[in-house]
Amino acid sequence: MKIRIDWNYRTPKGTETLFRSEDMPPAQALLLAEDLERTGRTKLLSFTDSYDSTWTLKELKAYVKGIETEPHNITVFFDGGYDRETKESGLGCVIYYEQNGKAYRLRQNASASEIESNNEAEYAALYLGIQELELLDVHHLPVRFVGDSNVVINQMSGDWAVPEKELASWADRIDGKLKKLGIQPEYELVPRKQNAEADRLATQALNGIEITGTMELAADERK
């Protein structure tokens, strides 16, 4: 979830104007808002999230404190590959998240044999990512899902219809899991080169190489 700050600023001589910040993570918005308040010249401070819901400073403080010990600021990259000759599929997902003031990257891949197309493999990779979120005990949070599949991103965003029976079944399964976990999805389409990490994991799964693990990230490695 991203937060935007709106506030009125008043000079010592009484001139007022309205300022609006760029979107930022809730914890960053809270730090800036508290600093603005210390100036004593800020009035009508308010916050708006990605869903156009408004928050008070008190509500934002409670939210940030509540998620400190849980995974949050989550981005899931996913990719699926399909081999027409062997009819085998490789699935890959990379999850970036923060917890207890630290940033982490989780990588996971898997092979699959009961898939009939590359589009279906992409859906299965997205589902793999959601399963990993469930294992992390992620719930009732917004999550950004990033992939290079036009079909999956546009269909899950509701921009495209899902006429294929197999894909519709995956879409329903994914929506059901997200609803159960209380996750509010945000889907983002990126070029394949920006999804290289998940693509590599999917290829490794096709080649029989299993990858799984979580590592803490340095500041310059965070997404």
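Begin with the largest nonpolar core of this predicted model, which has 54 residues, and select F47, I74, L126, L133, F145 and I174, the members that touch the most others within it. Next, extend the selection to helix 3, residues 118-135, which gives nine residues to this core and so many from no other element.

From there, centre the view on I74 and display its surroundings: leaving aside residues up to four places away in sequence, I74 touches I95, Y96, Y97, L133, V138, L141, V143 and R144. Then move to a second core, separate from the one just visited, where ten residues are grouped and where F77, V94, V190 and L217 are among the members to select.

Now turn to the second largest pocket, which holds about 230 Å³ of space. Of its 16 lining residues, select A27, V64, H72, N73 and E98, which lie closest to the pocket centre. Helix 1 (26-38), helix 2, strand 5 (72-83) and strand 6 (88-99) are the elements that each give two or more residues to this lining, and helix 1 provides the largest share, with four residues. Colouring the lining by class will show six nonpolar, six polar and four charged residues.

Finally, colour the protein chain by pLDDT, which averages 92, with 98% of the residues scoring at least 70. Among the elements of the chain, helix 4 (residues 150-156) has the highest mean pLDDT, 98, whereas helix 2 (residues 57-67), one of the contributors to the pocket lining, has the lowest, 86. As a general caution, predicted coordinates should not be read in detail where pLDDT is low.

Conventions
Residues are numbered from 1 along each chain as its sequence is written. This is a predicted model: local features need pLDDT of at least 70, side-chain atom pairs count only at pLDDT 80 or more; totals for chains, interfaces and linings use all residues. Side-chain values use heavy atoms; hydrogens and water are left out. A nonpolar core is a set of buried Ala, Val, Leu, Ile, Met, Phe, Trp, Tyr and Cys residues joined through side-chain atoms within 4.5 Å. Buried means under 20% relative accessible area, exposed over 50%, partly exposed in between (1.4 Å probe, protein chains only). Contact means heavy atoms within 4.5 Å. pLDDT is the predictor's confidence in each residue, from 0 to 100. On a 1 Å grid over the protein atoms alone, a cavity is a set of points where a 1.4 Å probe fits but cannot get out, and a pocket is an open set with protein on both sides within 12 Å along at least five of seven lines; lining residues have an atom within 4 Å of a point. Grid points are joined across faces, edges and corners, and a volume is the space filled by probe spheres set on the points. Ala, Val, Leu, Ile, Met, Phe, Trp, Tyr, Cys and Pro count as nonpolar, Asp, Glu, Lys and Arg as charged, and the others, Gly among them, as polar.
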